[in-house]
Amino acid sequence: VQDDCSIAGTDRCVTSAGYPLSNYGVLQSCTITARSAGTISVRSFDTEKDFDKLVVMGLNYDGTVGPQGVALAVGETLTWTSDNV
């Protein structure tokens with residue numbers, strides 16, 4: 001994980017900066033690289049629709065629809081960005 005995200009717990013949960021105590025900020029970004037193959041399990045996903053997004057395997061996820069069940073191979077990346085509004 002690089003930049004404005006963190007990993008918590010033994011289940012390797014990735015969260016935005018400040019979660020769950022505060023909302024993420026403007027102009028934040030995070031890149032996550034899979035170290036092992038696996039499937040994404042989404043517990044909570046809520047971004048500013050059409051502006052803040054998570055990109056997984058070339059597909060954009062925003063609003064309240066996250067990448068639940070998407071299979072990742074070793075080395076694949078997830079990139080999250082927030083805009084400046």
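**Note on strand 9 and its surroundings**

1. In strand 9, Thr 81 is the bridge partner of Ser 29. Helices (H or I, at least four residues) and strands (E, at least two) are DSSP runs, numbered from the N terminus. This is a predicted model: local features need pLDDT of at least 70, side-chain atom pairs count only at pLDDT 80 or more, and totals for chains, interfaces and linings use all residues. Residues are numbered from 1 along each chain as its sequence is written, and side-chain values use heavy atoms, with hydrogens and water left out.

2. Strand 4 (residues 29-33) pairs with strand 9 in the antiparallel sense over 5 bridges. Pairing requires at least two DSSP bridges between two strands. Strand 6 (residues 53-56) also runs antiparallel to strand 9, joined by 4 bridges. There, Leu 54 has Trp 80 as its bridge partner.

3. Side chains alternate along strand 9 (residues 77-81). Leu 78 and Trp 80 point to one face and are buried; Thr 77, Thr 79 and Thr 81 point to the other and are not. Trp 80 counts as buried because its relative accessibility is 7% (buried: under 20% relative accessible area; exposed: over 50%; partly exposed in between; 1.4 Å probe, protein chains only).

4. The largest nonpolar core (buried Ala, Val, Leu, Ile, Met, Phe, Trp, Tyr and Cys residues joined through side-chain atoms within 4.5 Å) has 13 residues. Among those with the most contacts inside it are Leu 54, Val 56 and Leu 78. Strand 4, strand 6 and strand 9 each give two or more residues to this core.
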